[in-house]
Amino acid sequence: MEREPIIALDFPSWEQTEQFLAPFDQEQLYVKVGMELYLQNGPFIIERLKEMNHRIFLDLKLHDIPNTVHQAMKGLASLGVDMINVHAAGGVQMMAAARAGLDEGSINGKRPVLLAVTQLTSTSEEAMQADQLISVPLHESVLHYAKKAKEAGCDGVVCSVLEASAIRNACGEDFYKVTPGIRLKDGNVDDQQRIADPREAREIGSTMIVVGRPITKAADPVAAYHHVKALWEGQS
Ligand SMILES: O=c1ccn([C@@H]2O[C@H](COP(=O)(O)O)[C@@H](O)[C@H]2O)c(=O)[nH]1
């Protein structure tokens, strides 16, 4: 199992990203490039991070008609990232098209891990019911999306820690449960709703955790990263 917390590089420019990464020295990290960084800077960002030997989760959450997602994934596969995602709400056909695009575009037969976002960790049950007109409890909606993602050929899902054990029971140990919404006990919650700390994520059974602001906004980001990592690894 991957034990590095994935750091969300939510910055607008390469200069700010490079400045953030510099104090980590030669440490090999698992980083997440999301919409903010990728859409303003493009594939250049991926090239630079790969040169630095970091592993990369490209978090673009594609959601469009199957043909568009197929072609987009075919192109993105050639970037050589380690993990990539779509929105499960796009449906089984769209998720299967994403998988086919990755298979076609992958380099040397090695494709990125494909995840599907279930319900965003910033979504509460009340908001889901009001905004999306979904009347089942939130954990049922997440579980439904996880089963559909598996059926479509995805390797796993993005969910909160709170749903990870139900997904493991339904979809198996090897099905990835990648969990953002990670917060330290005494830290800010920000816009996240379904949160847990790194220790709970390990105990409940996340495959990987994604951590942004608790590290990037910390007074000492390297110390914050190692604190999160120690909790996640069970060393403190
Ligand atoms: O459901 C989701 C899916 C993706 N994210 C992303 O993870 C990070 C979390 O950052 P924090 O600063 O730790 O809140 C961010 O890049 C989101 O786009 C998510 O939070 N929830």
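1. Let's start with Leu133. In this predicted model, Leu133 counts as exposed because just 7 C-beta neighbours lie inside 10 Å, and the cut-off for "exposed" is 12 or fewer. You will find Leu133 in the loop between helix H6 (125–132) and helix H7 (138–151). Look at its backbone too: Leu133 has a positive phi of about 55 degrees, although it is not a glycine. Most residues other than glycine have a negative phi.

2. Now turn to Asn53, which also has a positive phi without being a glycine; here the value is about 65 degrees. Where does Asn53 lie? Asn53 is in the loop between helix H3 (44–51) and strand E3 (55–62). Asn53 is exposed, because 10 other C-beta atoms are found within 10 Å and 12 or fewer is the limit for that label.

3. Next, the strands. Strand E1 (residues 6–8) pairs with strand E2 (residues 30–34) in the parallel sense, over three bridges. To see one of the pairings for yourself, find Ile7 and look across to Val31 in E2, its bridge partner. Helix H1 (residues 14–21) belongs in this picture as well: E1, H1 and E2 together make a right-handed β-α-β unit.

4. Strand E2 has a parallel pairing with E3 too, over five bridges. Which residue in E3 is the bridge partner of Lys32? That partner is Phe57. While you are looking at strands, remember that in a regular strand the side chains alternate between the two faces of the sheet.

5. A database record adds some labels here. The UniProt annotation "active site", from an unreviewed entry, covers Asp59, Lys61 and Asp64. Please read this with care, as annotations may be inferred rather than shown by experiment.

6. Take Asp59, which is found in strand E3. Is Asp59 buried or exposed? Asp59 is buried, because 26 other C-beta atoms lie within 10 Å and the label needs 20 or more. Leaving aside neighbours within four places in sequence, Asp59 is in contact with Lys32, Val33, Gly34 and Asn85.

7. Finally, Lys61 lies in strand E3. How many other C-beta atoms are within 10 Å of Lys61? There are 19, so Lys61 is partly exposed, given that "buried" begins at 20. With neighbours within four places in sequence left out, Lys61 is in contact with Asn85, Val86, His87 and Val117. Notice that Asn85 appears in the contacts of Asp59 and in those of Lys61.

Conventions:
Residues numbered from 1 in each chain as written. Predicted model: local features only at pLDDT ≥ 70, side-chain atom pairs only at ≥ 80, totals over all residues. Helix = DSSP H or I, 4+ residues; strand = E, 2+ residues; numbered from the N terminus. Pairing = 2+ DSSP bridges. Right-handed = clockwise from strand over helix to strand, strands pointing away. Contact = placed C-beta atoms within 7 Å.
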